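Grab your viewer and work through these short exercises. Each one sets a task and then walks through the solution.

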Amino acid sequence: MASWILVPCLVKLRSEFNAIAPSRDKASDGSVGDAAHQDSQSDHNPDETGNVPIRDADRVNEVHAIDVDVNLRVPGLSMEKVVQFLLTRCRSGAEKRLRYIIYNRRIWSASNSWRQQNYTGSNPHDHHAHFSSSYTSAHEASTASWHLEDVPVALTADDKKWISAEIAKQVKAQVDDIWAFNVGKATGSASQRADGALVTANIRAGAIANDYLPKLRDAVEQLSQQVADLSDQVMASRSS
């Protein structure tokens, strides 16, 4: 197949998905179509050498569609929220670079004023969302921001519990490592002394544990709550 490029506006869109969801799953990502796409009209086909619905004004062999895996792996962020955010911008006229979006058995098209319709194609697009770009030269070449950083992220109660638990677990692991190291040093050095000194070291180690570990665990719990509160504040500021 002849060489091809992805239109710049979709390169930018994909890069913004990567920015807001750096650990996202990419198993269902795609751009240029396979042999099955070549048998029918598709924006996944290169526009100079493939079967496409529109021919643009330039002579560059370009692909005008991308698929983005739905698993963004960010608490509070979903593909549904991203799709609805982009649709809001398209309907308002703020965004003009898309021709249509397909996601989860639905399709929205510029030609239909972005009204939702059922999608009855063989692929339900429930593992990825499909974004087709405009073939207008200025729009397909635009690398202006898609503003995905403004997609509202609302953490659920379960998300907050998960974040707090993860932070608490990590801090506790560090505390336990430090404690084990210090106790190991104390008992290790004491074992080289007389039995009386060893007993003294062990008693001292126990006293340290009784005195400081509860305080450290309390600090972990307080840190978890502070993180949850901070998450609330961040989410509130982003949605305001």
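**Exercise 1.** Find out how the side chains of D126 and R105 meet, and say what parts the pair ties together.

*Solution.* Keep in mind that this is a predicted model.
- Step 1: the side chains of D126 and R105 form a salt bridge, with 4.0 Å from N to O. The cut-off is within 4 Å.
- Step 2: place the partners. D126 sits in the loop between β6 and β7 (128-133), and R105 sits in the loop between β4 (98-103) and β5, so the salt bridge ties together parts 21 residues apart in sequence.
- Step 3: check the accessibility. D126 has a relative accessible area of 28%, so call D126 partly exposed. R105 comes out at 45%, so R105 is partly exposed too.

**Exercise 2.** Work out which residue R106 forms a salt bridge with, and whether R106 is buried or exposed.

*Solution.*
- Step 1: the partner is E80, and the closest N and O atoms are 2.6 Å apart.
- Step 2: this pair links distant parts of the chain, with R106 in strand β5 and E80 in helix α3 (residues 79-92), 26 residues apart.
- Step 3: R106 has 13% relative accessibility, so R106 counts as buried. The cut-off for buried is under 20%. E80, at 26%, counts as partly exposed.

**Exercise 3.** Do the job again for R59 and E48, starting from the distance between their closest N and O atoms.

*Solution.*
- Step 1: those atoms are 3.9 Å apart, and the pair is a salt bridge.
- Step 2: R59 and E48 both lie in the loop between α2 (35-38) and β2 (62-63), 11 residues apart.
- Step 3: R59 has a relative accessible area of 74%, so R59 is exposed. E48 is at 31%, so E48 counts as partly exposed.
- Step 4: for the tally, the structure holds 8 salt bridges.

**Exercise 4.** Two strand residues now: what are S109 and Q116 in contact with, leaving aside neighbours within four places in sequence?

*Solution.*
- Step 1: S109 belongs to strand β5 (residues 106-109). S109 is in contact with R99, Y100, W114 and R115.
- Step 2: with 11% relative accessibility, S109 is buried.
- Step 3: Q116 belongs to strand β6 (residues 116-118). Q116 is in contact with R106, I107 and W108, so go back to Exercise 2 for R106, which is buried at 13%.
- Step 4: Q116 has 48% relative accessibility and is therefore partly exposed.
- Step 5: from Q116 to I101, the C-alpha to C-alpha distance is 9.8 Å, with their positions 15 residues apart in sequence.

Conventions: Residues are numbered from 1 along each chain as its sequence is written. This is a predicted model: local features need pLDDT of at least 70, side-chain atom pairs count only at pLDDT 80 or more; totals for chains, interfaces and linings use all residues. Side-chain values use heavy atoms; hydrogens and water are left out. Helices (H or I, at least four residues) and strands (E, at least two) are DSSP runs, numbered from the N terminus. Buried means under 20% relative accessible area, exposed over 50%, partly exposed in between (1.4 Å probe, protein chains only). Contact means heavy atoms within 4.5 Å.
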